[in-house]
Amino acid sequence: MKTSARNELSGKITNIISGAVMSEVKITVSPDVTISATVTKDGIESLGAKLNDNITAIIKAS
């Protein structure tokens with residue numbers, strides 16, 4: 001897969017907060033660092049993402 005993003009952080013999904021259209025995904029990348037990503041509910045479903053899955057967040061540099 002080719003992307004223009006330059007930052008990748010691997011971690012574990014520790015929380016998914018679902019809204020009407022968007023979901024907030026919490027990814028723990030180290031004991032002291034948790035990042036949040038906003039993803040469409042359709043995106044979560046198409047990825048098959050669920051709690052405790054190991055995942056890589058790809059973050060655009062800008």
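**Salt bridges, core and pocket in the predicted model**

At 24% relative accessibility, Lys26 counts as partly exposed. The structure is a predicted model, and Lys26 is one partner of a salt bridge with Glu24, in which the closest N and O atoms are 3.1 Å apart. Glu24 is likewise assigned as partly exposed, because its relative accessible area is 27%. Side chains of opposite charge can pair when their charged atoms come close. Two salt bridges were found in a search of the whole structure. Lys50 and Asp53 also form a salt bridge, with a separation of 3.4 Å between the closest N and O atoms.

Ser23 is located in strand β2, which spans residues 22-30. Its relative accessibility is 3%, and Ser23 therefore counts as buried, the limit for this class being under 20%. When residues up to four places away in sequence are left out, the contacts of Ser23 are Ile16, Ile17, Ser18, Ala37, Thr38, Val39, Lys41 and Ile44.

Val39, one of these contacts of Ser23, belongs to strand β3, residues 33-40. With a relative accessible area of 23%, Val39 is partly exposed. Beyond its neighbours within four places in sequence, Val39 touches Met22, Ser23, Val25 and Ile44. A distance of 14 Å separates the C-alpha atom of Val39 from that of Lys60, a residue 21 positions away along the chain.

Val25 and Ile44, both in contact with Val39, are members of the largest nonpolar core. This core consists of seven residues, the others being Ile13, Ile27, Ile35, Ala49 and Ala57. Within the core, Ala57 is in contact with Ile27 and Ile35. Outside a window of four places in sequence, the contacts of Ala57 also include Asn7, Glu8 and Leu9.

The largest pocket encloses about 210 Å³ of space. Its lining comprises 15 residues, and those nearest the centre are Ile27, Ala37, Val39, Ile55 and Ala57. Two or more lining residues are contributed by each of β2, β3, α1 (41-47) and β4 (54-59). The greatest contribution comes from β4, which supplies five residues. By residue class, the lining of the largest pocket contains 13 nonpolar and two polar residues, and no charged ones. Ile27 and Ala57 thus appear both in the largest nonpolar core and among the residues nearest the centre of the largest pocket.

How values were computed:
Residues are numbered from 1 along each chain as its sequence is written. This is a predicted model: local features need pLDDT of at least 70, side-chain atom pairs count only at pLDDT 80 or more; totals for chains, interfaces and linings use all residues. Side-chain values use heavy atoms; hydrogens and water are left out. Helices (H or I, at least four residues) and strands (E, at least two) are DSSP runs, numbered from the N terminus. Buried means under 20% relative accessible area, exposed over 50%, partly exposed in between (1.4 Å probe, protein chains only). Contact means heavy atoms within 4.5 Å. A salt bridge is a side-chain nitrogen of Lys or Arg within 4 Å of a carboxyl oxygen of Asp or Glu. A nonpolar core is a set of buried Ala, Val, Leu, Ile, Met, Phe, Trp, Tyr and Cys residues joined through side-chain atoms within 4.5 Å. On a 1 Å grid over the protein atoms alone, a cavity is a set of points where a 1.4 Å probe fits but cannot get out, and a pocket is an open set with protein on both sides within 12 Å along at least five of seven lines; lining residues have an atom within 4 Å of a point. Grid points are joined across faces, edges and corners, and a volume is the space filled by probe spheres set on the points. Ala, Val, Leu, Ile, Met, Phe, Trp, Tyr, Cys and Pro count as nonpolar, Asp, Glu, Lys and Arg as charged, and the others, Gly among them, as polar.
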